[in-house]
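Trainee: Got a minute? I'd like to go through this structure with you.
Mentor: Sure, put it up and ask away.

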Amino acid sequence: MVTFDLVAIVFATWIAFAIKMETLAPVQFETTWWILIAMPLVAVPIFASVHLYRSVIRFIGPRFCLSLFQGVSISAMCMIGFAFMSRAELFPRTVPIIYWL
């Protein structure tokens, strides 16, 4: 499950940029390529801290949905923080919102 999340987070980050820029190879990755590496390294521990990996898939209920919402929300906020701290000028402000969805 963690391995899938590592791949899915990279894909979600990339697709958020692709949707925003309307191209499969956004120019922003020339300067913000590190976000594809940083997001999985930050998001998976966040998911673990909200006990997302404790839930057994067949018992998905309201508690799992709350954990998922918390994990993805905190992860999106970390993306905003990374962009702000690195002063990435080409980082679109709507990418974290698309990532969150």
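Mentor: Let's take the helices, then the core and the surface, and keep in mind that this is a predicted model.

Trainee: OK, helices. How many residues does H4 have, and how far does it reach?
Mentor: H4 covers residues 62-86, which is 25 residues, and it reaches 36 Å from first C-alpha to last. That is close to the 36 Å expected at 1.5 Å a residue.

Trainee: And which residues of H4 are buried?
Mentor: Phe 64, Ser 67, Gly 71, Val 72, Ser 73, Ser 75, Ala 76, Met 79 and Ala 83.

Trainee: What covers them?
Mentor: The cover includes helix H1 (2-21), helix H3 (34-49) and helix H5 (95-100).

Trainee: What comes after H4?
Mentor: Arg 87, with a positive phi near 55 degrees. You'll find a positive phi after H1 too, where Glu 22 sits at about 60 degrees. H3 is followed by His 51, and its phi is positive as well, near 60 degrees.

Trainee: Let's switch to H1. What's its span?
Mentor: H1 has 20 residues and runs 29 Å between its end C-alpha atoms, close to the expected 28 Å. Its buried residues are Asp 5, Ile 9, Thr 13, Ala 16, Phe 17 and Ala 18. Helix H2 (29-32), H3, H4 and H5 are among what covers them.

Trainee: Thr 13 caught my eye. Is Thr 13 buried or exposed?
Mentor: Buried, because its relative accessibility is 0%.

Trainee: Which residues does Thr 13 touch?
Mentor: Leaving out residues up to four places away in sequence, Thr 13 touches Ile 35, Leu 36, Met 39, Met 79 and Tyr 99.

Trainee: And Met 79, what is it in contact with?
Mentor: Met 79 contacts Thr 13, Ile 35, Met 39, Phe 91, Val 95, Pro 96 and Tyr 99, again leaving aside neighbours within four places in sequence.

Trainee: Which residues of the largest nonpolar core touch the most other members?
Mentor: That core has 19 residues, and Ile 9, Ile 35, Met 79, Phe 91 and Tyr 99 touch the most other members. H1, H3, H4 and H5 each supply at least two residues of this core.

Trainee: We haven't done H3 yet. Why does its span agree with what you'd expect?
Mentor: At 1.5 Å a residue, its 16 residues should span 22 Å, and the end C-alpha atoms are 23 Å apart, so the two agree.

Trainee: Which residues of H3 are buried?
Mentor: Ile 35, Ala 38, Met 39, Pro 40, Val 42, Ala 43, Val 44, Ile 46 and Phe 47. Their cover includes H1, H2, H4 and H5.

Trainee: Now a loop. Where is Pro 26?
Mentor: Pro 26 lies in the loop between H1 and H2. It counts as buried because its relative accessible area is 4%, and the cut-off for buried is under 20%.

Trainee: What does Pro 26 touch?
Mentor: Trp 14, Phe 17, Ala 18 and Met 21, not counting residues up to four places away in sequence. Pro 26 and Ile 15 are eleven residues apart in sequence, with their C-alpha atoms 9.7 Å apart.

Trainee: How about Ala 12 and Ile 98, how many residues apart are they along the chain?
Mentor: 86 residues, and their C-alpha atoms are separated by 8.7 Å. Ala 12 is in helix H1, and it is partly exposed, with a relative accessible area of 23%.

Trainee: Moving to the outside. Which residues make the nonpolar surface patch?
Mentor: Leu 66, Phe 69, Ile 97, Trp 100 and Leu 101 make a patch of about 570 Å². H4 and H5 each supply at least two of its residues.

Trainee: Where does Leu 101 sit?
Mentor: In the segment after H5. Leu 101 is exposed because its relative accessibility is 76%, and exposed means over 50%.

Trainee: Last one: is Met 77 buried or exposed?
Mentor: Exposed, since its relative accessible area is 54%. Met 77 is in helix H4. Its C-alpha is 9.3 Å from that of Ile 97, and the two are 20 residues apart in sequence.

Methods
Residues numbered from 1 in each chain as written. Predicted model: local features only at pLDDT ≥ 70, side-chain atom pairs only at ≥ 80, totals over all residues. Heavy atoms only, no water. Helix = DSSP H or I, 4+ residues; strand = E, 2+ residues; numbered from the N terminus. Expected span 1.5 Å × (residues − 1). Buried < 20%, exposed > 50% of the residue type's maximum accessible area, 1.4 Å probe, protein only. Contact = heavy atoms within 4.5 Å. Patch = residues over 30% accessible without salt bridge, like charges linked within 9 Å, V, L, I, M, F, W, Y side chains within 5 Å. Areas by Shrake-Rupley, 256 points an atom, 1.4 Å probe, with all protein chains shown as cover. Salt bridge = Lys/Arg side-chain N within 4 Å of Asp/Glu carboxyl O. Core = buried A, V, L, I, M, F, W, Y, C linked by side-chain atoms within 4.5 Å.
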